[in-house]
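Trainee: I would like to learn how to read ring pairs and sheets in a structure that is new to me. Could we go through them slowly, one feature at a time?

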Amino acid sequence: MRAWRWVRRTERDAGMSAWLHWQEDGQARSALWQADNGARLPSRVQTVQALDADSAHRLASAGTGLLWRGDYPQARQLLQAMSQRMDAAAQRKQKTAAIPTTASEGFEQHRKAQALRVRVLGQLLIEVDGAYRIGLKRAPDVLQACTEAWGAPDGQPRVLSLRSLQGLIGAHEWRKKGVPIAALGGAHIHPHHGVFSPVRGEYVELVAQGPLPAALGTCPVAFDIGVGTGVLSAVLAHRGVPQVLATDLSERALACARDNLARLGLQAQVELLQTDLFPPGQAALVVCNPPWLPAQPHSALDQAIYDPDSAMLRGLLSGLAKHLCAGGEGWLILSDLAEHLGLRTRQQLLQWIAEAGLQVLGRLDTHPRHGKAKDASDPLHAARSAEVTSLWRLGAA
C-alpha cells in the first residue's frame, strides 16, 4: 500500500515553518518543530533531566512537551516505561469497557486509542542542532538519518519527538539494508524515509504471478499508478514488459523509485512522472495498489494505508477504462480488510467497478503472512485473520 495525493499535502505542510518556543536557564529559546510522524506541536515545553513514567505521562497527557536534557539511553527507557504504562491502562480499560457491537465500532475505538498513544508518547522531545547532532550523553550519530529525511544540514536547530527520531533511525536502517523481494530473484528494494516499505510481500507476488495481457504484444506499455518504492514497476520490467510509465505525486516516492530502479539496472525500462493518477495515453496494463482502508490518516505513513472516502480507489476506477487500449487490463491490488471492519462492502466495490464501465475478468487471491494475522491479542485480530488480498483483473465492459 502506498501513499498518494495526501502525501503532497504532508510534504507541503512539512516545509512550512512551525516554531517551538521555551524558556531554559532564564533564556528564551526556539527551534523548528519537526513533526515527522504527525506529532502535535506541544502547547508548552518543560526541560527535564530525569522523570518517572507516571509524572511524564501526566504532563504529556496535559499537552506539555518534555524536552529531554539527560542521558540519551535514559530517554529511551522513559519512553518505553510510558508505553508500558499506557498498555497496562488500556488492558484495564478493555476489561471493563462495553464490547463493541459492530466491527466498525471496534475499529473506531482502536483508531482513537492509537491516536491517543501517538499524542501522549509524542511529547517526549529531543533537540537536534543545526549540524544534526544530539547534545546528550551517549546519543547516537544521526547525521546520515537526518540528512536522508530532511536534506543537508542548514544550521537550524530542530526539536522532534523521540519516537519520530527513532523512526528516522529505523528508516535509515531499512534504506541501508533493503527488503529482499522474491519476485526480483532476491534483489533488494531500499525504501526511503516517508515511503512505505514493501514488507508485505504477498501483494508483490500477485503482480509477479498474474497472467500478462496479450494486448502487450501490440501496445507494449504498462502504467504503475502510485509508484512508491518502485517495487511493482521493477517486477513488471523484470517480467519483460518493454516500457513502464510510473506515476506518483510524492517527490520522496519518485526519488526512492529512481534510486531503486537504478540499483536494479531497470531505469531504461521505467519512466517516472510526477502526476495525479494516470499519465497521458493508454496502456495494455494498468497496475495500482491504493491505500486499503477508507479512513482519515494521522501521520505521513498512515497515508499509505488510509484513503479517506476511498478517494484514490474511486478515482482510479472512474478513469481506468479510457486509459486501457483494446484488450487491456487494469490490475487492482486490494485487501478486503475494509469489508471485515465494516468500512466498505463487497457490493459497494462491485458497484463502483460497474459504474466505471468495467468488468471483472478474473481474480487472484492470497492470504496475509504478517505477524498480526496470527496475534490473537491484536484488537483487530478477527478481521486480520480473515483478510484476503486480491489482484482484481479488470477490463472495459
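**Rings and strands**

Mentor: Let us start with one residue: at 10% relative accessibility, Y306 counts as buried, where buried means under 20% relative accessible area, exposed over 50% and partly exposed in between, with a 1.4 Å probe and protein chains only. Please keep in mind that this is a predicted model, in which local features need pLDDT of at least 70 and side-chain atom pairs count only at pLDDT 80 or more, while totals for chains, interfaces and linings use all residues. Residues are numbered from 1 along each chain as its sequence is written, and side-chain values use heavy atoms, with hydrogens and water left out.

Trainee: How many aromatic pairs does the structure hold?

Mentor: Rings of Phe, Tyr and Trp (its six-membered ring) pair if their centres lie within 6.5 Å, and planes under 30 degrees apart count as stacked, over 60 as edge-to-face and the rest as tilted. The structure holds 2 such pairs. In the tilted one, F107 and Y306 are 6.5 Å apart centre to centre, with 45° between the planes. F107 lies in helix α4 (residues 103-121) and Y306 in the loop between β12 (283-288) and α10 (311-320), so the pair ties together parts that are 199 residues apart in sequence; here helices (H or I, at least four residues) and strands (E, at least two) are DSSP runs, numbered from the N terminus. F107 is buried, at a relative accessible area of 3%.

Trainee: Why is the pair of Y132 and W150 edge-to-face?

Mentor: Their ring planes stand at 75°, with the centres 5.4 Å apart, so the pair is edge-to-face. Y132 is buried at 1%, and W150 is buried at 15%.

Trainee: Which charged end sits over the ring of Y306?

Mentor: A charge sits over a ring if NZ of Lys or CZ of Arg is within 6 Å of the ring centre and within 35 degrees of the ring normal. For Y306 the charged end is that of R111, 3.9 Å from the ring centre, and R363 lies over the face of W392 at 5.0 Å.

Trainee: In what order do the strands of the open sheet run?

Mentor: Two strands pair if DSSP finds at least two bridges between them. The open sheet has 7 strands in the order β11-β10-β9-β12-β13-β15-β14, with mixed pairing, and its edge strands, β11 (270-274) and β14 (358-366), each pair on one side only. Within the sheet, β13 (residues 324-335) and β15 (residues 389-396) pair in the antiparallel sense over 6 bridges.
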